[in-house]
Amino acid sequence: MQDLKELLYKYITQSLRQAILSNPRVKDAAAKIHIRPFEQKGRIIYQASEYKENKVYHHNLTQEEAVDRICQWMESYKQLELNADTATAHVLISKKGKLTIKEKKASTPLEPADLSHNRRKKYILDPEKRVDFLVDLGVQTKEGRIVNARYDKFRQINRFLEFIEDILPKLPKDREISILDFGCGKSYLTFAMYHYLKELKGFQVRITGLDLKEDVIQSCNALAEKYGYEKLHFSVGDIANYHKAGDVDMVVTLHACDTATDYALDKAIRWGARVILSVPCCQHELNSQMSNDILAPVFEYGLVKERMAALFTDALRAEILKSKGYEVQLLEFIDMEHTPKNILIRAVKGRNQTGEAHYRELMEFLHVTPTLARLLQEGEDRREN
């Protein structure tokens, strides 16, 4: 392990960004170990965080202790990644103990890292700057501080805006952007989307929020008027029966229950929306349909079948979107307030279509007909007639 120790002394300095041990080879090892430097009373300390089950265990180490501890840990792990300001290194250990080290210099050296112990996360919305809609929605105090009990909501809002930030180059800046938010509810994210795109990024936007609750819609419209959000409107209605006026650039559907997500995706595809952001929920439909001789022993366990049905539902939705020319990602979102479902489907209109073979083969394998596939087929049949 002398080569490993020499490498560690080279990287375990204040220029270290992070070190990550992963891919454990023993059963009781932590899923991963994350190490980063921070400054404490004028000294550089290395904090190692062990992620084990649902807990995180922290150790503060000197440079020598960190090097020795990593060498010990590597007896239980297959992989180590070291990221520094000027270079990166990957260490792999085979089953027979063979050590492989690969180093790569950074093309452009990074700026020195923030070594403060409690580094402040950079949010798109400044947590210390008052935003009127966050105050009225109970996320911020009148003084502009985030309410402790609502910090999860604040992080959720920022995480959602990060997803939008990634696709900004796909949105036109020379004209007004039309966005539909199906099932907007209290509209935390709808207001955040308008504020971010219009106030912070300078896009011309028109956003329509749709929900079935009349009192909620009235409240949202009153708040939009209060803030002077002239191009933000809310209407009462459901996804299946909504008919848009004009082009639609982005469709957002968050926490639309079961097949309501499929109706929203169907409409987005038909309208040729450039961007689709969807957080599905309560995917029950395929659970009652799925049947497969090979998977029958697995499907005997109701809980397992239910979870597999939810994952297959979203995977099929992704494949159908790809067949319609979308580039699709399934991303982890922060848990919604009333559900542990946290997969976000982000689809961006592209040029390549994968064809229908992939998802139709999977449908046949599972003996299922998801609502989205049925709606699209019905639309094609109407056009042919």
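This talk covers a sheet with two helices on it, a helix pair, and two residues with positive phi.

One point before we start. This is a predicted model.

Let's begin with the sheet. Seven strands form it, and the sheet is open. The order runs E4-E3-E2-E1-E5-E6-E7, with antiparallel pairing. In general, strands of a sheet pair through backbone hydrogen bonds, either parallel or antiparallel.

Which strands sit at the edges? Strand E4, residues 55-61, and strand E7, residues 99-105. Each of these pairs on one side only. On average, neighbouring strands of this sheet are turned by 15 degrees against each other, ignoring direction.

Now look at the E4 edge. Strand E3, residues 43-52, pairs with E4 over seven bridges, in the antiparallel sense. Find alanine 48, and its bridge partner in E4 is histidine 59.

Next, the helices on the sheet. Helix H1 spans residues 2-11 and packs on the sheet. H1 touches strand E1 (16-24), strand E5 (77-84), strand E6 (87-93) and E7. The direction of H1 makes about 25 degrees with that of E7.

Helix H2, residues 63-73, also packs on the sheet. H2 touches E1, strand E2 (32-40), E3, E4 and E5. Against E4, the direction of H2 makes about 135 degrees.

On to the helix pair. Helix H10 is residues 302-323, and helix H11 is residues 357-366. Their axes are 8 Å apart, and the packing angle is about 150 degrees. Angles over 145 degrees count as roughly antiparallel, so H10 is roughly antiparallel to H11.

Who makes the contact? From H10, Phe312, Leu316, Glu319, Ile320 and Ser323. From H11, His358, Tyr359, Leu362, Met363 and Leu366. By class, the contact has seven nonpolar, two polar and one charged residues.

Last topic: backbone angles. Most residues other than glycine have a negative phi. Here are two with a positive value.

Histidine 255 has a phi near 65 degrees. Histidine 255 lies in strand E11, residues 250-257. Is histidine 255 buried, exposed or partly exposed? Its relative accessibility is 31%, so histidine 255 counts as partly exposed.

Then aspartate 258, with a phi near 50 degrees. Aspartate 258 is in the loop between E11 and helix H7, residues 260-271. Buried means under 20% relative accessible area. Aspartate 258 comes in at 19%, so it counts as buried.

That's the tour.

Conventions:
Residues numbered from 1 in each chain as written. Predicted model: local features only at pLDDT ≥ 70, side-chain atom pairs only at ≥ 80, totals over all residues. Heavy atoms only, no water. Helix = DSSP H or I, 4+ residues; strand = E, 2+ residues; numbered from the N terminus. Buried < 20%, exposed > 50% of the residue type's maximum accessible area, 1.4 Å probe, protein only. Pairing = 2+ DSSP bridges. Axes fitted to C-alpha atoms, helices over the stretch in contact; angles between N-to-C directions. Contact = heavy atoms within 4.5 Å. Parallel < 35°, antiparallel > 145°, perpendicular 65-115°, else oblique. Nonpolar A, V, L, I, M, F, W, Y, C, P; charged D, E, K, R; others polar.
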